[in-house]
Amino acid sequence: MKGYLLRRFIGMVSVLLALSLVVYAIFYIAPSNPAQLACGLKCSPAQVAQVRQRLGLDAPVYLQYARFLEGIFVGRDFSTGTGVMHCNAPCLGISYRTGEQVTSMLATRLPVTASLALGAMVAWLLLGVGTGLVSALRRGRFTERALTTLTLAGNSLPVFIIGLLLLIVFCSVLQWLPFPTYVGLSQDPQQWFWGLLLPWTTLALYESAKYARLTRASMLETLAEDHIRTFRAYGVGERHLITRHALRGALTSVIALSAIDLGTMFGGAVLTESLFGLPGIGRLLVYSVQIVDLPVVVGVTLVTGVFVVFANAVADVLYAVADRRVVLT
Amino acid sequence: MSHHPHRSRRLAAVAVSAALLGGAAACGPKSGDTNSADATPHKGGTLYVLNQNPQNEFDPARLYTTGGGDVPSLVFRTLTTRNRVNGAEGTKVVPDLATDTGEPSQNATVWTYHLKKGLKFEDGTPITSADVKYGIERSFAPELSGGPPYFRDWLVGGAGYQGPYKDPQGLDSIATPDPWTIVFHLTKPEGDFPYLATMTQFAPVPKAKDTGTNYYKHPISSGPYEVAENQNDGVHLILKRNPYWSTATDSQRKAYPDTVDVLAGLDPSVINQRLSAGTGNDADAVTTDTNLDPAELAQVSSDKQLASRVGTGHFGETYYLAFNPKVKPFDNIKVREAIAYAINRTSVVNAAGGSSLADPATTFLPDQAAFGYTPYDPFPAGATGNPARAKELLKEAGYPNGLTVNLTHESDDADYKGPALATAVQDALKAAGITVKFTAVQDDNYDNTIDSTKTEPGFFLSGWGADWPSGAPFLAPIFDGRQIVTNGSNFNSAQLNDPTVNATIDRINTLTDHAAAARQWGALDQQIGQEALDVPLFHPIYKRLFGKNIRNVVIEDWDGRLDLAEAAVK
């Protein structure tokens, strides 16, 4: 197990290094001039040169990348004009645009995206696996049809439309909920919950159809297998059969899919974040790409990368728990 | 000066959001009171602002505003400011920190201001002329990049100055003979200097409290409100009263609410949805950057109660077809004239959202007196174009069988420079025998493409908004030959360098009587218009919702937005 974890860790670090290299490369191949953009309109070439120097863009690319790596391990200093700002390790640099430390920009936005992604995962697992279970066990009945229709409808509508519809119905017409505003979990857990309820529901409606399908198919497959028939013949209870055997079989694929979806949520829930005005990672990334704010883009990519890799590692461990035939090597 | 001072909204979700807005308008709760925007304003409460764009870089040195901006003007007082009254009167410049709008001397190259007595920062320390000088000098620092370009161009020694961090001596061209007097020495006559003095760079900054690149987190207020909280670089700003601000020295800002809560990063359809539903705090909310789109406007207009909560604003802005006469066949004035005759302004206005959201334009200057608007139409094509006259001109130009041209446009319709407008142009030109092919450029990269003399296309959709309501910031960047920039952003798309035009611009810039200058800008506009260097298409109109508890709605023609310093909450 120790060896396994160590190998996973080394793999993770190399994936992240490769990621940061690729992002750096893309930015230097793409025709853009971040110093000109940061300087503003009608900046003279001399002024652009000053900004370039301040941002460290006058150095050769490999040196810029080396400084970036140095920042991660030992930290860096930046001039504020009136003084010096120390950026502690792991320092991801400062934003070209605002001069703010990328790590602190990420730190304020990460809880928002984490709240959104984790909550949404809970919601889509409840709705998706629940629907899958019901449709496997109550084939052709009303509850099955209703739930399947709901999840399919959710999956076939764009996230944006689902969100808007929920806003109209629950905030505008029925007025059961206030228009969502993000409030931190530590500030006010109750407000946090109410503020995220609609974004979670939106993502859950959108994502759950595939979980329902997956659960239903694996359940039916397992239930048709010989050993289940044997268990039945031995008089094992139906409830026990479903929870201990059929559902367990379905769980492995659900876990694998969840890990991928959760990882994507960290950088890819832009539409949901935009619609509900959540100041999360996805929107930071889109905005930073538009204004060629390289340090922020690299920072977000790395953090998203960490989550994808980490979520997959957790999924691998959970595999072993759900399916005893899996051995971690 | 900007191609798009206000990004209008994305059109992707328009149809849906409009349908939903309509539904809400029909089913939503009806407010019992008849809304009257001008009822007696009430002091206190919280004014909510729901916006798309975050108030980034809340540092007076880095902001690029017209007339001091919306939210910035609540915190930063400047030497002069915009006149806070409705309509055309709101294009005038009035004193703010200063006792008057400035005393010009030496042919408008020297401008002197005297500060009012009793002005204080949020910490109670008195505001002096040295603080105003320091504020302007900071804007030169490369650490605080951004802001408008005028200071480098206009102030003596500005071109090489690197800001007070590298060069603490300061700029000699800004003199402060005593704590209440400040004198500016300019490189050339600038009759519009009082308009420039509305920008946030003219806000005082106490040197002792300057924190460089971190100043944006808590800039020291001179206005009615100070920053209580700034989350995520302007995504959520909470402003509370500045106890040292007083109406005794500020006749412009009413500052009725106790708190102003600015929440940005919202989706445009959600903003309009919230303003129309008006539940909870949203009844006390306004927006300064989100227009109603055509479909939403149609829905809102059919509901009497909602229609009474739509503010109409005019900002000096012109959208036009631009030519690069260095590219064939646009070097031929007859071809350019033919296109001007062929254009169908009715379909162009429809593509921009219809007659309630756009006025057809035949002049480059916006249709407001402050700019020097002088109605003219050098190529009278009527409301729907004159293809017959266009065909004649093409024949004279040597294209009896018509021709094919390439029109460059933005890839989406958010800025009135997208496929909708391009198609309207294409249809009109087809009737005149001109086949239009399209080149779409990603909107992030559009300005870079059209503003570089190296990549500028021959024929493209463009727009221009003024930094202040005057002919100078409208005509000079576009038509002054000395403002052609070959290694940066160039706005003189036609690359016109006509010595008589340049001389006329210089002559008008010496005028300090705005009305006299305006007349001459109008005449210059008409003169340049004959050369068909562009085809003016339309001037946009803003329609924006405000919450049902909002009173004392003031929308100046200076920027066409609801003035946050005037609004009250019931």
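## The nonpolar core

In this predicted model, the largest nonpolar core holds 220 residues, and the ones touching the most other members are A:Ala120, B:Val49, B:Ile339 and B:Ala342. As for single elements of chain A, helix H5 (residues 102-137) is the top giver, putting 13 residues into this core. Domain 1 (2-102) and domain 2 (106-324) of chain A both chip in residues, so the core lies between them.

What does B:Val49 contact, if you skip its neighbours within four places in sequence? The list runs to B:Val260, B:Val262 and B:Leu263, then B:Ala285, B:Val286, B:Thr287 and B:Thr288, and finally B:Leu564.

## Chain A and its annotated spans

UniProt, in an unreviewed entry, marks "transmembrane region" at residues 9-30, 114-137, 157-179, 191-209, 249-271 and 291-315 of chain A. Take residues 9-30 of chain A: that span is 95% helix and 0% strand, with its end C-alpha atoms 32 Å apart.

Residues 114-137 of chain A come out as 100% helix and 0% strand, and here the end C-alpha atoms sit 34 Å from each other.

## Chain B overall

Chain B is a mix of 16 helices and 21 strands. Its radius of gyration is 24 Å, close to the 25 Å that the globule rule gives for 570 residues, so chain B is as compact as a globular protein of that length. Lay the C-alpha trace of chain B along its principal axes and you get a span of about 75 × 65 × 40 Å.

Of the 570 residues in chain B, 57% are buried. Looking at contacts in chain B with a separation of 6 or more, 75% are between residues 24 or more positions apart.

There's an annotation here too: the unreviewed UniProt entry puts "domain: Solute-binding protein family" on residues 92-482 of chain B. That span is 25% helix and 20% strand, and its end C-alpha atoms lie 28 Å apart.

## A closer look at B:Leu496

Where does B:Leu496 sit? You'll find B:Leu496 in the loop of chain B that runs between helix H14 (472-479) and helix H15 (499-509). B:Leu496 counts as partly exposed because 18 other C-beta atoms lie within 10 Å, and a buried residue would need 20 or more.

Setting aside neighbours within four places in sequence, B:Leu496 is in contact with B:Phe479, B:Gly481, B:Val501 and B:Leu533. As for B:Gln483, it is 13 residues from B:Leu496 in sequence, with a C-alpha to C-alpha distance of 9.6 Å.

Note on methods. Residues numbered from 1 in each chain as written. Chains lettered and ligands numbered in written order. Predicted model: local features only at pLDDT ≥ 70, side-chain atom pairs only at ≥ 80, totals over all residues. UniProt positions renumbered as here; feature names shortened; annotations may be inferred. Helix = DSSP H or I, 4+ residues; strand = E, 2+ residues; numbered from the N terminus. Rg over C-alpha atoms; globule rule 2.2 N^0.38 Å. Buried ≥ 20, exposed ≤ 12 C-beta atoms within 10 Å, placed from the backbone. Contact = placed C-beta atoms within 7 Å. Core = buried A, V, L, I, M, F, W, Y, C linked by C-beta atoms within 7 Å. Domains from an automatic or database assignment.
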